[in-house]
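Hi,

Here is the structure I promised to pass on. Have a look at it first, and my notes follow underneath.

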Amino acid sequence: MAATRLKQEELHASVSDPVLDTMNFLNGITHRYPEAISFAPGRPYDGFFDVEQIFTHIRRYLKHLEEQGATPSEVRDALFQYGPTSGRIRELIADSLRKDEGIDVPAEAIVVTVGCQEAMFLALRALLAGPEDVLLVSSPCYVGITGAARLLGTEPVAVRERPDGFHCADLESALAAERARGRRPRAFYVVPDHANPSGNTMSLPQRRALLELAAREDILVLEDSPYRLVSPGTQEPTLKSLDRERRVVHLGSYSKTLFPGARVGFAVADQPVVDRQGRTGLLADELTKIKSMVTVNTSPLGQAAVAGMLLAANGRTRDLNIETVAHYGSAMGAILQQLATNFPDADRTALGVHWNEPAGGFFLTVDVPFRADNTALVRSAEEHGVIWTPMSYFYPQGGGDHSIRLSVSYLTHDEIVEGVARLARFIRDESRRGN
């Protein structure tokens, strides 16, 4: 009997999504050229990780439970049993959000998720109820949100950022266009601070204008802002802290700030939901129902480690990130300095090379005078020993063909110096090819 063979075209269309292929391609390049300096991964810097601290954090949380009156059996269950689907550490997260971000919500409005990626998926599944429902995304955008939407059978509508970032007028136009097509805009996804991939930050006036627009147009805003507490300087207020009409669903994660491997994220969903019987609950309750059929719960062990870290800082995660903030700030400063050194003003103009200057986060973008596609990336890795990410990966409806994303989060200062020198040689060689 012949073995079963499945046809890809008979599987869900998302398995053929080019975004999945491009990420696999990028991972393959990284493994094929291990000696290359890679500006591709947006991984947190691991130079400050201490294995022994994991056990210290977990013990601190267990002691906290004991002090709160938990019995030995309840303490044991807090690590070994599934626990509530909505999460065990919602009170600690709510306390931290108040202290770190000025977000004042009850613990019941929080769902603890498996990283921010699950929070995105749950929010989209709840909000996109039918084929006429529309998700709009600030473009270029993080591939995780477009991938999640496509897994759910929805193609997000891109709202193109201008060179200086997001403008409300562009979203307003997109909303009008979708309604003219008979569609129902439900939510707008945005990374307002040090965005992945562009590095742009939304101004305070634009934040206020966005919230006013959301209220006027009756849409929700999905705010994803993982880089704020690991970026130097004073940050603009979160959209959620400015939200007076519960228009913002805040999607969060401790992957960048505390412990990537714990895979602990959360959704703040305090929007009222009225059922057919007239009873009112919270959107968080609906997300919890969906989660119960997706991941059942978030790892209690991961939650315990994160909880211990929050307790160590009395809820102020920025206090745990003093060294990492300095590292990322220094790394961003170093790459900007090296780009300026390797591309003096005259060369920059002659070559047509430009870059932005983010004040924080992990990423910046460089415009180049050639098509920055996978073919060029292979030449860069093979001939010059440097890897980057094509910006075209991040445009759900096309774009970014002549731009690259550089990540500085995972590299040392010396690697940045050498990596930018290699990148400059590649850009000059590629320009001479006349692409």
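Let me start with L222. Setting aside neighbours within four places in sequence, L222 is in contact with A123, L124, L127, L135, A187, F188, Y189, V190, V249 and L251. Keep in mind that this is a predicted model.

L222 also turns up in the largest nonpolar core, which has 60 residues. Those with the most contacts inside this core are I93, L124, L135 and L222. Helix 5 gives the most to the core, with seven residues. Apart from this core lies another one, of 43 residues, with I335, A376, F394 and V408 among them. As a general point, nonpolar side chains in soluble globular proteins tend to be buried together.

Helix 5 itself runs over residues 115-127, so 13 residues by the DSSP assignment. From its first C-alpha to its last it reaches 19 Å, close to the 18 Å expected at 1.5 Å a residue. Its buried residues are G115, C116, E118, A119, M120, L122, A123, L124 and L127.

Then the cavities. How many of 30 Å³ or more does the structure hold? There are three.

- The largest has a volume of about 180 Å³. It is lined by 16 residues, and E101, L229, S253, T257 and F266 lie nearest its centre. That lining divides into six nonpolar, seven polar and three charged residues. Helix 4 (90-101) and strand 7 (248-253) each supply at least two residues of it.
- The second largest has a volume of about 60 Å³. Its lining consists of S138, P140, C141, Y142, E161, Y189, V190, V191, A195, N196 and S198. By class, that is seven nonpolar, three polar and one charged. Two of these lining residues, Y189 and V190, are also on the contact list of L222.

One last residue to look at is Q338, which lies in helix 12 (residues 322-342). Is Q338 buried or exposed? Its relative accessible area is 14%, and the cut-off for buried is under 20%, so Q338 counts as buried. Leaving out residues up to four places away in sequence, Q338 touches I416, V417 and V420. Of that set, V420 is 82 residues from Q338 in sequence, yet the two are 6.4 Å apart in space, C-alpha to C-alpha.

Over to you.

Cheers

How values were computed:
Residues numbered from 1 in each chain as written. Predicted model: local features only at pLDDT ≥ 70, side-chain atom pairs only at ≥ 80, totals over all residues. Heavy atoms only, no water. 1 Å grid on protein atoms, 1.4 Å probe; cavity = no way out; pocket = protein on both sides within 12 Å on 5 of 7 lines; lining within 4 Å. Points joined across faces, edges and corners; volume = space filled by probe spheres on them. Helix = DSSP H or I, 4+ residues; strand = E, 2+ residues; numbered from the N terminus. Nonpolar A, V, L, I, M, F, W, Y, C, P; charged D, E, K, R; others polar. Expected span 1.5 Å × (residues − 1). Buried < 20%, exposed > 50% of the residue type's maximum accessible area, 1.4 Å probe, protein only. Core = buried A, V, L, I, M, F, W, Y, C linked by side-chain atoms within 4.5 Å. Contact = heavy atoms within 4.5 Å.
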